[in-house]
Amino acid sequence: MVEPLSPNRPTQRAGGLARLALILSGGGLLAAIVGAAGTGSGSFGFKIGLLLLVLGFLTSSVGGLVAVIAFVRGRSSGAANRRTTLIALAIALVFGGYFIAQLSTALRVPPIHDITTNLVDVPRFTTLTERADNFAAIPGEGDPAFAGMDPRARWAAIHRTGYGDLQTLHLPLDTAQAMRRATRLVQARGWAIAKVDAASGTIEATDTSLFFRFKDDVIVRIRPDLSPAGGASLDMRSVSRVGESDIGVNAKRIRAFLADMKKG
């Protein structure tokens, strides 16, 4: 004799899908958080942290898909199941939106991590140390468009094309005034200052990202403006300590700093 189907069976199935969706989407987010925390604390390298971020995104995306299926199949399965499903879907959508936005930015910007306002006379760090592999992975090797160029020349060519808007800033201030303004802006941003040298007109500092705790070294260089306009000229450089692409972060930092210098 065949037992009749329990009226609670659809509800139980929908509840199982809802819980699975929450486990997957929440677990994916947790993997990304562990990756960020581990990288930031130095427990493992940034590549492992980024791998956990990618795996977390994929897992959370599967959770979002399961949540959609659970929602469609269990629309009459009760408020508790619907709530669990919606929470899982919200996690997947927010996390997925963040990841896709970062990926989209990475695909739009040049795959370099050393950004400056002056390619002819690049500001040089004297207190902070330029990373040993700074020009080790510049793209374009073997590309006919970069024939005969060494890594630094390829970097400059890519930089010139991608960040042509970044130029020396000319200010209607004397160098002492410009130096004071720049120092205040660095302090207001909370960057860890390594050096403020009024004699050479340079400030060296380190900015640390919020989640992965990536460190970018920054130098601000101020000199007398030798053009007929006079005043001061400001150049800036921002370099990521790890990675091959900075997802546009260094250029964004420089643009914001120059804009604030103009404001006064």
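This is a guided tour of a predicted model, stop by stop.

**Stop 1: helix α4**

Select residues 151-162, which form helix α4. At 1.5 Å a residue, its 12 residues should span 16 Å, and the end C-alpha atoms are 16 Å apart, so the two agree. Now colour Arg154, Trp155, Ala156, Ala157, Ile158 and His159, the buried residues of this helix. Show β1 (114-116) as well, since β1 is included in what covers them.

**Stop 2: arginine 131**

Move to the loop between β1 and α4 and pick arginine 131. Is this residue buried or exposed? Arginine 131 has a relative accessibility of 13%, and therefore counts as buried, the limit being under 20%. Display its neighbours: leaving aside residues up to four places away in sequence, arginine 131 touches His113, Ser240, Arg241, Val242 and Gly243. One of these can be checked with a distance label, as a polar atom of the arginine 131 side chain lies 2.9 Å from the backbone oxygen of serine 240.

**Stop 3: helix α5 and its ends**

Select residues 175-188 for helix α5. From first C-alpha to last, its 14 residues reach 20 Å, close to the 20 Å expected at 1.5 Å a residue. Begin at the N-terminal end, which aspartate 174 caps. The distance to label there is 3.1 Å, from a side-chain oxygen of aspartate 174 to the backbone nitrogen of alanine 176. Just after the helix comes glycine 190, with a positive phi of about 80°.

Next, show the side chains of Ala178, Met179, Arg181, Ala182, Thr183, Leu185 and Val186, which are buried. Which elements do the buried residues of α5 pack against? They are β2 (169-171), β3 (192-197), β4, β5, β6 and α6.

**Stop 4: two residues with positive phi**

Most residues other than glycine have a negative phi. Two exceptions can be selected here. Arginine 213 is in the loop between β4 (202-208) and β5 (215-224), and its phi is positive, at about 60°. With 40% relative accessibility, arginine 213 counts as partly exposed.

The other is isoleucine 247, in the loop between β6 (232-240) and α6 (249-263). Phi of isoleucine 247 is near 55°. Its relative accessible area is 31%, so isoleucine 247 is also partly exposed.

**Stop 5: the largest pocket**

Keep isoleucine 247 selected and add Gln102, Phe214, Asp246 and Val249: of the 36 residues that line the largest pocket, these five lie nearest its centre. The volume of this pocket is about 1,200 Å³.

Then colour the lining by element. At least two lining residues come from each of α2 (46-73), α3, β4, β5 and α6. Which element gives the most? That is α3, with six residues. Coloured by class instead, the lining shows 19 nonpolar, eight polar and nine charged residues.

**Stop 6: serine 104**

Stay on helix α3, residues 79-108, and select serine 104. At 32% relative accessibility, serine 104 is counted as partly exposed. Its side chain makes a polar contact of 3.0 Å with the side chain of arginine 108. To finish, label the C-alpha distance from serine 104 to phenylalanine 44: the two are 26 Å apart in space and 60 residues apart in sequence.

Note on methods:
Residues numbered from 1 in each chain as written. Predicted model: local features only at pLDDT ≥ 70, side-chain atom pairs only at ≥ 80, totals over all residues. Heavy atoms only, no water. Helix = DSSP H or I, 4+ residues; strand = E, 2+ residues; numbered from the N terminus. Expected span 1.5 Å × (residues − 1). Buried < 20%, exposed > 50% of the residue type's maximum accessible area, 1.4 Å probe, protein only. Contact = heavy atoms within 4.5 Å. Polar contact = N/O pair within 3.5 Å; in protein donor to acceptor, adjacent residues only side chain to side chain. 1 Å grid on protein atoms, 1.4 Å probe; cavity = no way out; pocket = protein on both sides within 12 Å on 5 of 7 lines; lining within 4 Å. Points joined across faces, edges and corners; volume = space filled by probe spheres on them. Nonpolar A, V, L, I, M, F, W, Y, C, P; charged D, E, K, R; others polar.
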